[in-house]
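Hi,

Here is the structure I said I'd pass on to you. Have a look at it first, and then read my notes below.

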Amino acid sequence: MPQGETFHRAVSKVLFISQIYGLLPVSNVCALDVEDIRYRWLSPRIFYSALIIAMNICEFGAVLNYVGQVAINFHNSSTLSLYVVCLLEHFFFWRLAVQWPSIMRTWHSVEQLFLRVPYRFYGEYRMKRRIYIVCSVVMLSALAEHCLLLTNSFHLSNMERTQCKINVTYLESIYRWERPHLYIILPYHMWMLPFLEWINETIAYPRSFTDCFIMCIGIGLAARFHQLYRRIAAVHRKVMPAVFWTEVREHYLALKRLVRLLDAAIAPLVLLAFGNNMSFICFQLFNSFKNIGVDFMVMLAFWYSLVFAVMRTLLTIFVASSINDIERKIVTALRDVPSRAWSIEVQRFSEQLGHDMTALSGSGFFYLTRSLVLAMGTTIITYELMISDVINQGGIRQKTQYCREF
């Protein structure tokens with residue numbers, strides 16, 4: 001790892017992009033020195049984030065009004081949950097922004113241990129490159145999903161306009177299809193479409209970015225645990241003095257305290273992200289049993305969205321669980337310490353590794369380890385078996401119903 005490649009410098013550009021969508025309103029997020037990072041209540045970023053949240057709350061109010069008029073059902077309940085999750089993500093990132101300067105200073109002070117000899121020789125984890133690759137893949141895939149869903153909406157709104165003989169323009173039909181909750185209270189104006197699309201992006205962006213953010217935290221922590229493991233592996237089966245194991249154990253405890261700090265700070269985001277991902281996957285699996293139509297555009301948008309949600313969730317688990325994976329490698333390495341080199345310090349280190357879970361969690365309800373994949377898979381299979389008993393799986397797919405009543 002190049003000298004000076006700190007987590008702050010590796011993730012700063014990613015966080016700056018998130019601020020465009022009103023998330024994590026911290027001043028000087030791209031500053032070279034963590035001491036320059038500030039949270040100011042009276043700043044343009046705070047005002048901008050508050051404005052986005054206010055607009056999302058207003059639209060959520062319109063959704064509640066619409067649902068109250070048409071009666072709640074399985075479909076519009078998913079729309080309600082989408083807005084609730086989006087607002088909670090904005091609030092949780094705002095809550096994190098208040099703590100972010102202090103978190104970054106603590107993280108930076110711990111990283112100083114790993115930016116000097118001997119850890120500099122074990123820095124091949126390439127934290128910055130991993131963060132950029134993960135965020136690029138996930139967010140570009142999310143952009144493709146967003147464009148696909150928009151194209152699908154344009155297609156469906158046009159089919160509704162033509163087949164149902166609705167006497168409105170093409171752009172107005174898009175507005176009618178995409179925002180039925182606004183259509184009943186606000187008349188159509190062309191200037192509204194770009195503005196509403198921007199609001200739509202601020203709602204869609206946090207869903208994928210929250211997973212990216214969790215992965216970035218996981219990569220940053222795993223990079224330092226990997227350096228610690230490499231230092232221990234470099235003395236495999238060698239007799240080392242007690243002072244070596246004392247230093248390694250102290251550095252491990254410093255990382256452990258950092259993990260606890262980060263876990264407490266982002267636990268609500270982890271819980272919300274995985275709860276939302278699981279509910280969305282289950283919702284889409286439920287829809288897969290229904291006659292969702294033979295229209296190619298509808299099918300493509302549906303299956304891409306479902307597969308992307310599954311793959312994003314799996315990727316988040318595997319990346320974030322690398323912290324726990326590397327710790328288990330350290331445990332294995334300690335078992336190979338020769339008996340003649342075993343000491344009180346090695347014993348204490350081994351006991352500390354074996355009696356506590358080192359992983360990010362969802363407020364203590366679950367831990368981001370590889371076993372979570374099995375737990376989620378079991379839940380989804382159980383859900384599939386339950387709904388298959390109440391839904392006719394042999395139904396013939398029919399033509400998609402375009403006409404709707406408002």
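To start with a cysteine: is Cys86 buried or exposed? With a relative accessibility of 1%, Cys86 falls under the 20% cut-off and so counts as buried. Bear in mind throughout that this is a predicted model.

Staying with the cysteines, the number of disulfides in the structure is zero. Cys86 is not part of one, and the nearest cysteine sulfur to it belongs to Cys58, 13 Å away. Cys216 is another one to look at: its closest cysteine sulfur is in Cys135, at 3.4 Å. A disulfide here needs the two sulfur atoms within 2.5 Å, so that pair is too far apart for a bond. Cys216 is also buried, since its relative accessibility is 1%.

Now the overall picture. The protein chain has twelve helices and zero strands, so if you read the elements from the N terminus you just get α over and over. Along the principal axes, its C-alpha atoms fill a box of roughly 85 × 55 × 30 Å. Of the 406 residues in the chain, 52% are buried. As for contacts between residues at least 6 apart in sequence, 79% of them join residues at least 24 apart.

On to the cores. The largest nonpolar core has 103 residues, and Leu96, Trp100, Phe209, Phe213 and Ile217 have the most contacts inside it. The element that gives the most to this core is helix α8 (residues 242–288), with 19 residues. If you want a way in, try Phe209: leaving out neighbours within four places in sequence, it is in contact with Val14, Leu15, Ser18, Leu23, Phe93 and Met139. Another core lies apart from the largest one; it has seven residues, including Ala62, Tyr175, Leu182 and Tyr188.

There is also a helix pair to check. The axes of α7 (residues 192–233) and α10 (residues 322–335) come within 8 Å of each other and cross at roughly 10°. Angles under 35 degrees count as roughly parallel, so that is how α7 runs relative to α10. On the α7 side, the contact is made by Gly218, Leu221, Ala222, Phe225, His226, Leu228, Tyr229 and Ile232. On the α10 side, the residues are Ser322, Ile323, Ile326, Lys329, Ile330 and Ala333. By type, the contact residues divide into ten nonpolar, three polar and one charged.

Two single residues to finish with. Thr313 sits in helix α9 (residues 296–320) and is buried, its relative accessible area being 2%. Not counting neighbours within four places in sequence, Thr313 has contacts with Phe274, Asn277, Ile281 and Met376.

The other is Val67, in helix α2 (residues 44–70). Val67 is buried as well, with a relative accessible area of 9%. Beyond residues up to four places away in sequence, Val67 touches Ile72, Asn76 and Leu80. Ser77 is ten residues from Val67 along the chain, and their C-alpha atoms are 8.5 Å apart.

Shout if anything is unclear.

Cheers

How values were computed. Residues are numbered from 1 along each chain as its sequence is written. This is a predicted model: local features need pLDDT of at least 70, side-chain atom pairs count only at pLDDT 80 or more; totals for chains, interfaces and linings use all residues. Side-chain values use heavy atoms; hydrogens and water are left out. Axes are lines fitted to C-alpha atoms, for helices over the stretch in contact, and angles run from 0 to 180 degrees between N-to-C directions. Helices (H or I, at least four residues) and strands (E, at least two) are DSSP runs, numbered from the N terminus. Angles under 35 degrees count as roughly parallel, over 145 as roughly antiparallel, 65 to 115 as roughly perpendicular and the rest as oblique. Contact means heavy atoms within 4.5 Å. Ala, Val, Leu, Ile, Met, Phe, Trp, Tyr, Cys and Pro count as nonpolar, Asp, Glu, Lys and Arg as charged, and the others, Gly among them, as polar. A nonpolar core is a set of buried Ala, Val, Leu, Ile, Met, Phe, Trp, Tyr and Cys residues joined through side-chain atoms within 4.5 Å. Buried means under 20% relative accessible area, exposed over 50%, partly exposed in between (1.4 Å probe, protein chains only).
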